[in-house]
Amino acid sequence: MLVSEFMLQQTPVPRVEPVWLAWMQQWPLPSALAAARRADVLRAWGKLGYPRRALRLHAAAEVIAAEHGDVVPADLDALEALPGVGSYTARAVAAFGYGRRCPVVDTNVRRVVARAVHGHGDAGPARTAADLADVDALLPAADRPAAVVSAGLMELGAVICTARTPRCGICPVRAACAWQAAGRPEYTGPRKPVQTYAGTDRQVRGRLLDVLRGSDGPVERAALDAAWGDGAQRDRCLDSLLVDGLAEQLDDGRFALPA
DNA sequence: TAGCCGTGGTG
DNA sequence: TCACCAAGGCT
């Protein structure tokens, strides 16, 4: 559950599934992952994106192996103390991994609540405490049923109450939906700015890392030079990869994934 | 807290 | 074609 939630942070389910299957096969226990080399972890992560998540998962596995008896903790505070684990991931593990009654708020749930409960076309900016309270009010008292409802809320948002074209015609909560009752008014609040990608450091970092990932051993600087034309931007991005621990420079000047 | 961090599918 | 979007977290 923890591995899947890491992978699902900002990455669609269909792309995660095959990687998750192979990952769990290779590293069935936190201690196994903790013992792996970061280079192998980054290669197994493949092109899921945001590769810092892979390093954080690896670091979380180290903590779990060393401090939690090789068992993912069930306690929210202990979970959130793990690198790469925020409010959403901690709560998802508690609810779906341990069957606890624990409000899980992700982008899907926020949208479902915004529509079905508040009658808005979409969720505005996150209001963490209020969002948790909204969802808490929807959960049954007992652990197991609450966990089922939490999963249902996420699924509803992912499959029916989607961002672009909600399938209201087949929605199981249509009769109780405040947005439907209000005539499905369009969302008028602030939109989160769309992230550009082409030409950004993110794209360049991705290109550089792809070169390192695709090579069995260290690569010459020239191989990285070929990955992006703008030398200044390339150097800046390579440096940032080194700083982030996603790449290393060897004594001979060549570059590689971290050991 | 707004902006950054990858990648690829889609309407 | 190209915004927009996808089960966030960190600083």
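W27 is buried, with a relative accessible area of 8%. This is a predicted model, and W27 belongs to a cluster that ring pairs form with W23 and W45. The model also contains DNA strand B, which is surrounded by 17 residues. The points below take the aromatic residues and then the DNA surface.

**Aromatic cluster**

- There are 2 aromatic pairs in the structure.
- One of them joins W23 and W27, whose ring centres are 4.8 Å apart. Their planes meet at 75°, and an angle over 60 degrees counts as edge-to-face, so this pair is edge-to-face.
- W23 also pairs with W45, again edge-to-face, with 5.8 Å from centre to centre and 80° between the planes.
- The pair of W23 and W45 connects distant parts of the chain, 22 residues apart. W23 lies in helix α2 (residues 13-26), while W45 lies in helix α4 (residues 38-45).
- The ring pairs thus bring W23, W27 and W45 into a cluster.

**Burial of the cluster**

- Residues under 20% relative accessible area count as buried.
- W23 has a relative accessible area of 1%, so W23 is buried.
- W45 is at 0% relative accessibility and therefore counts as buried.
- W27, with a relative accessible area of 8%, is buried as well.

**A charge over a ring**

- R115 places its charged end over the ring of W179. The distance to the centre of that ring is 4.6 Å.

**Surface near DNA strand B**

- Among the 17 residues around DNA strand B, the closest are R15, P51, Q195, R205 and G206.
- Helix α12 (residues 201-214) contributes the most to this surface, with 5 residues.
- By residue type, the surface near DNA strand B consists of 8 charged, 5 polar and 4 nonpolar residues.
- On the DNA side, 59% of the strand B atoms within 4 Å of the protein belong to sugar or phosphate. The rest of these atoms belong to bases.

**Polar contacts with DNA strand B**

- The side chain of Q195 has an N or O atom 2.7 Å from a base nitrogen of DNA strand B. Q195 is also listed among the closest residues to the strand.
- L48 comes to a base nitrogen of DNA strand B through a backbone N or O atom, at 2.9 Å.
- Y50 has a polar backbone atom 2.8 Å from a sugar or linking oxygen of DNA strand B.

Technical notes: Residues numbered from 1 in each chain as written. Chains lettered and ligands numbered in written order. Predicted model: local features only at pLDDT ≥ 70, side-chain atom pairs only at ≥ 80, totals over all residues. Heavy atoms only, no water. Near = heavy atom within 4 Å. Polar contact = N/O pair within 3.5 Å; in protein donor to acceptor, adjacent residues only side chain to side chain. Helix = DSSP H or I, 4+ residues; strand = E, 2+ residues; numbered from the N terminus. Nonpolar A, V, L, I, M, F, W, Y, C, P; charged D, E, K, R; others polar. Phe/Tyr/Trp six-rings, centres within 6.5 Å; stacked < 30°, edge-to-face > 60°. Buried < 20%, exposed > 50% of the residue type's maximum accessible area, 1.4 Å probe, protein only. Lys NZ or Arg CZ within 6 Å of the ring centre and 35° of its normal.
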